[in-house]
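Here is a short, friendly tour of some helix packing. Please have the structure open beside you as you read.

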Amino acid sequence: MAGLYIHIPFCKKACHYCDFHFTQSVGQMDSMVNAICKELEMQADYLNGDAINTIYFGGGTPSLMNEDQLKRIMKQVQYTFRLASNPEITLEANPDDLDADQLKSLYASGINRLSMGIQSFHEPHLKWMNRQHTAQQAEMCFYNARKAGFENISVDLIYALPHHNHEIWERDLMKVIHMRPEHISSYCLTIEPKTAFGHLVSKGKMEDVEEEYAAQQFEILTETLDRYGFEQYEISNFAQPGYESQHNGNYWKQEKYLGIGPSAHSFNGHFKQANVSHNAKYIKGISEGEIPFEKIILSKEDQINEYILTSLRTKWGCDTEWLKQKHKVDLLRMHEDYLMRIDYKGMIQVEDGCITLTNNGKLLADKIASDLFVYSKED
């Protein structure tokens, strides 16, 4: 099975924390949709005939597409690729984009999973982040999606937003738990250099995220969601039983995936490629019959390290037996002393050759992964 990602690079306004590729020139939407449909046709053989079991419309803000534009893309996907039975089809949405009728139209078009970018229910935080919706709109959009037929809804939240205590974060969590989504993705506020927040931090007009405060909010997140029946199956992702994101699972388990649109990435099992992060160059290239992309050759060490990095973030952990069979690398022997030390500190568990992180280990996931990386003799 394989995944299909379609990048819709348009937003009404820029959130102050976002460094994804997008533009506010929504007038280019129709030209972009035409180019996306053409690239789908041009990439017909990329997955070697594997059936697609997940389709993900990301962005940007895919909910800015009108009904006709979405239908054109869906029709091209169905014409070009072999789809598995009942594929998971996700669309990212902002609450201010969708009224009750639009949600009904989305559901009728075949979208069966909605990912809603709520981020917070605290109005001052929403304004501070330059979000375009209100807390009331977020709640209304969620319940209208339920009425439209959606039985698989994911909600995005951001933690470590500035406040003198954890009251607002705890209130946000209880609000979303009361709404009963099937899935919650929650990310720590990260200040990226080329964002509005990054500019403020560089000028000394805003403080960066305080690590201890963020760690405390992460612990509140995991403990609260566990108490209400959400399983943390990946560091930032929580699901009710049976509602894990199948599409993200393709990335974490190193399955094939095809990315369509500007800045989209693809992996065919052997190498990666990244489309140009420039709308005009992307549209021009496609119109001339060339996909503007960069081919990324992964060394054996790159493949191993990427697997370590992504697998350690999941509940399934890093399967050292699989690494041994596929790449002839004995991670347990190679890092025996280090693994014993962090096991003693209660950061990992090793069972049947599989390394998983404990709650304490999850706070240092990237550090532990990098310490386990494999390097060639030339490095």
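How close do the axes of α5 and α6 come, and at what angle do they cross?

## α5 against α6

This is a predicted model, in which local features need pLDDT of at least 70, side-chain atom pairs count only at pLDDT 80 or more, and totals for chains, interfaces and linings use all residues. Residues are numbered from 1 along each chain as its sequence is written, and side-chain values use heavy atoms, with hydrogens and water left out.

The two axes come within 11 Å and cross at roughly 20 degrees. That makes α5 roughly parallel to α6 (an angle under 35 degrees). The crossing is right-handed (the near helix is turned clockwise from the far one by less than a right angle). In the contact (heavy atoms within 4.5 Å), Glu139, Phe142 and Tyr143 of α5 meet Lys175, His178 and Met179 of α6.

## α5 itself

Helix α5 covers residues 135-148, 14 in number, and reaches 20 Å from its first C-alpha to its last, close to the 20 Å expected at 1.5 Å a residue. Its buried residues (under 20% relative accessible area, 1.4 Å probe, protein chains only) include Ala135, Cys141, Phe142 and Ala148. Among the elements covering the buried residues of α5 are α3, β4 and α6. Just after α5, Gly149 has a positive phi of about 120 degrees.

## α1 against α10

Helix α1 (residues 29-42) and helix α10 (residues 279-287) have axes that come within 9 Å and cross at roughly 50 degrees. That makes α1 oblique to α10 (outside the ranges under 35, over 145 and 65 to 115 degrees). Contact residues include Met32 and Ile36 of α1, along with Tyr282 and Ile286 of α10.

Methods:
Axes fitted to C-alpha atoms, helices over the stretch in contact; angles between N-to-C directions. Helix = DSSP H or I, 4+ residues; strand = E, 2+ residues; numbered from the N terminus. Expected span 1.5 Å × (residues − 1). Buried < 20%, exposed > 50% of the residue type's maximum accessible area, 1.4 Å probe, protein only.
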